[in-house]
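Here is a short report on one protein model and the ligand it holds. Look at the structure first, then read on.

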Amino acid sequence: MPDFTPRVFSGIQPSGGLTLGNYLGAITKFVDWQAKGTHETIFCMVDLHAITVPQEPATLRRNTRELCAGFLAAGIDPERSILIAQSQVPEHAQLAWIFNCVARMGWMGRMTQWKDKSGKNAEAASLGLFAYPALMAADILVYHATHVPVGEDQKQHIELTRDIAAKFNHDYGVDFFPMTEPVIEGAATRVMSLRDGTKKMSKSDPVDASRINLTDDADTIARKLRKAKTDPDPLPGDPTGLSERPDARNLVNIYAALSDSDPATVLAEHEGRMFGHFKQDLADLAVARLAPISTEMARLMDEPAEIDRILARGAERAREITVPILERTYEIVGMVR
Ligand code: AQP
């Protein structure tokens with residue numbers, strides 16, 4: 001394998017407002033990578049992914065700008081990282097077509113997200129939803145990204161990205177695409193619904209009380225956490241005591257992630273307390289951490305032209321990387337150049 005430039009890529013769908021799950025599982029990790037400075041960092045609003053399920057156009061546009069505001073408010077610096085909207089960098093979709101011809105139907109059909117989102121009526125799902133992982137592979141590999149920080153739910157898609165890269169390299173006898181590494185770290189790689197600790201917190205969950213939105217005000221955050229599902233038992237002294245208590249475990253994990261700690265330390269400090277008190281502390285912690293972000297997001301949303309300028313500049317910088325990689329891909333595949 002050739003030496004690839006150390007490069008981090010990750011994306012978030014503007015398919016709704018940002019949730020605490022996106023923030024803890026993804027954005028805080030992005031900010032950490034940017035701070036480390038060891039890798040080039042590229043972060044993306046994956047609007048082409050969002051339309052694999054129906055989106056209202058004006059809402060999609062607003063959500064994309066709001067997502068960009070969320071990245072900026074949480075600490076992504078558009079000078080140090082490249083911040084883009086996927087549809088403004090056409091090489092993502094162009095490489096995805098090549099990968100549609102490399103990936104196998106069987107691989108796609110096994111994806112958990114496809115099964116979950118297509119539900120009982122897969123015949124009525126969009127072709128785009130089925131091909132989603134090939135576009136995601138293109139998002140990553142059009143930068144030759146070496147590392148992808150994601151939440152636990154995306155692990156299978158990164159494995160598929162590696163399968164696509166390996167098959168392309170094998171079929172064409174090249175060492176062109178890297179074997180990208182998923183990076184899944186921390187106490188909140190899978191933040192669960194506040195109403196059901198066995199279900200992932202999701203921005204498209206129809207029940208708003210199931211999630212904290214980054215745009216929620218302090219009172220709403222506190223109310224949602226106070227009403228979060230738990231059980232009547234006190235907090236145990238260590239994480240093994242939570243193995244059969246998914247709702248309780250979820251709140252402890254959220255507390256650990258928000259306080260930059262870990263579940264064992266949180267439980268050692270809170271052993272024996274009842275959830276009524278713990279939830280109040282958790283609400284205070286969440287408000288202290290999230291309120292400045294939502295305030296800054298609201299300020300940025302009043303300046304949509306500034307957001308659009310940042311995205312246009314990001315696309316320009318991104319294309320310095322993506323155009324040569326796509327051109328070389330076309331050559332390898334046999335297109336006349
Ligand atoms: N609940 C979560 N806990 C930890 N990480 C999460 N992520 C999403 N939900 C959680 C991580 O956020 C990044 C962006 O995800 P996405 O927006 O591309 O899609 P998703 O994983 O399908 O997120 P949602 O909120 O559930 O969106 P919808 O409802 O539209 O499908 C990824 O790194 C993901 O792991």
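A residue counts as near a molecule if one of its heavy atoms lies within 4 Å of it. Keep in mind that this is a predicted model.

**Around the ligand**

Start with the ligand. It is surrounded by 22 residues. The closest are Lys117, Asp153, Ser202, Lys203 and Ser204. What classes make up the shell around the ligand? There are six nonpolar, eleven polar and five charged residues.

Some polar atoms of the protein can be paired with oxygen atoms of the ligand. The table lists three such pairs.

| Residue | Part of the residue | Distance to a ligand oxygen atom |
|---|---|---|
| Gln13 | polar backbone atom | 3.1 Å |
| Ser15 | N or O atom in the side chain | 2.6 Å |
| Lys200 | N or O atom in the side chain | 2.8 Å |

How much of the ligand does the protein cover? On its own, the ligand has 640 Å² of accessible area. The protein covers 97% of that.

The ligand also marks a pocket. The space it takes is the largest pocket. Two elements give two or more residues to the shell around the ligand: strand S1 (7–12) and helix H1 (20–36). Which of the elements gives the most? H1 does, with four residues.

**Ser15, between S1 and H1**

Ser15 deserves a second look. It is found in the loop between S1 and H1. Is Ser15 buried or exposed? Its relative accessible area is 16%, so Ser15 is buried; the cut-off for buried is under 20%. The side chain of Ser15 also meets another side chain. A polar contact of 3.4 Å joins it to the side chain of Lys203. Lys203 is itself one of the closest residues to the ligand. Ser15 has a side-chain N or O atom 2.6 Å from an oxygen atom of the ligand.

**Two residues with positive phi**

Now turn to the backbone. Most residues other than glycine have a negative phi. Two residues here go the other way.

His144 is not a glycine, yet it has a positive phi of about 50°. Its place is in the loop between helix H7 (127–141) and strand S4 (147–149). His144 counts as buried because its relative accessibility is 11%.

Asp260 is not a glycine either, and its phi is positive too, at about 50°. Asp260 is found in the loop between helix H10 (246–258) and helix H11 (263–270). How does its accessibility class come out? Asp260 has 66% relative accessibility, so it counts as exposed. The cut-off for exposed is over 50%.

**Pairs across the chain**

Distance along the chain and distance in space are separate things. Four pairs of residues let you practise reading both. Each distance runs from C-alpha to C-alpha.

Take Ala85. Its place is in strand S3 (residues 82–85). Ala85 counts as buried because its relative accessibility is 2%. How many residues along the chain lie between the positions of Ala85 and Ile12? They are 73 residues apart, and their C-alpha atoms are separated by 9.9 Å.

Next comes Glu159, in helix H8 (residues 155–172). At 38% relative accessibility, Glu159 counts as partly exposed. Glu159 and Glu181 are 22 residues apart in sequence. In space, C-alpha to C-alpha, they are 8.6 Å apart.

Glu303 sits in the loop between helix H12 (275–301) and helix H13 (304–333). With 35% relative accessibility, Glu303 counts as partly exposed. Glu303 and Val323 are 20 residues apart along the chain. Their C-alpha atoms are separated by 30 Å.

Last is Gly37. It lies in the loop between H1 and strand S2 (40–45). Is Gly37 buried or exposed? Its relative accessibility is 56%, so Gly37 counts as exposed. Gly37 and Met192 are 155 residues apart in sequence. In space they are 31 Å apart, C-alpha to C-alpha.

Methods: Residues are numbered from 1 along each chain as its sequence is written. This is a predicted model: local features need pLDDT of at least 70, side-chain atom pairs count only at pLDDT 80 or more; totals for chains, interfaces and linings use all residues. Side-chain values use heavy atoms; hydrogens and water are left out. A polar contact is a pair of N or O atoms within 3.5 Å; within protein, one must be able to donate a hydrogen and the other to accept it, and residues adjacent in sequence count only if both atoms are side-chain atoms. Accessible areas come from the Shrake-Rupley method with a 1.4 Å probe; for residues, only the protein chains shown count as cover. On a 1 Å grid over the protein atoms alone, a cavity is a set of points where a 1.4 Å probe fits but cannot get out, and a pocket is an open set with protein on both sides within 12 Å along at least five of seven lines; lining residues have an atom within 4 Å of a point. A molecule sits in a cavity or pocket if more than half of its atoms lie within 2 Å of its grid points. Ala, Val, Leu, Ile, Met, Phe, Trp, Tyr, Cys and Pro count as nonpolar, Asp, Glu, Lys and Arg as charged, and the others, Gly among them, as polar. Buried means under 20% relative accessible area, exposed over 50%, partly exposed in between (1.4 Å probe, protein chains only).
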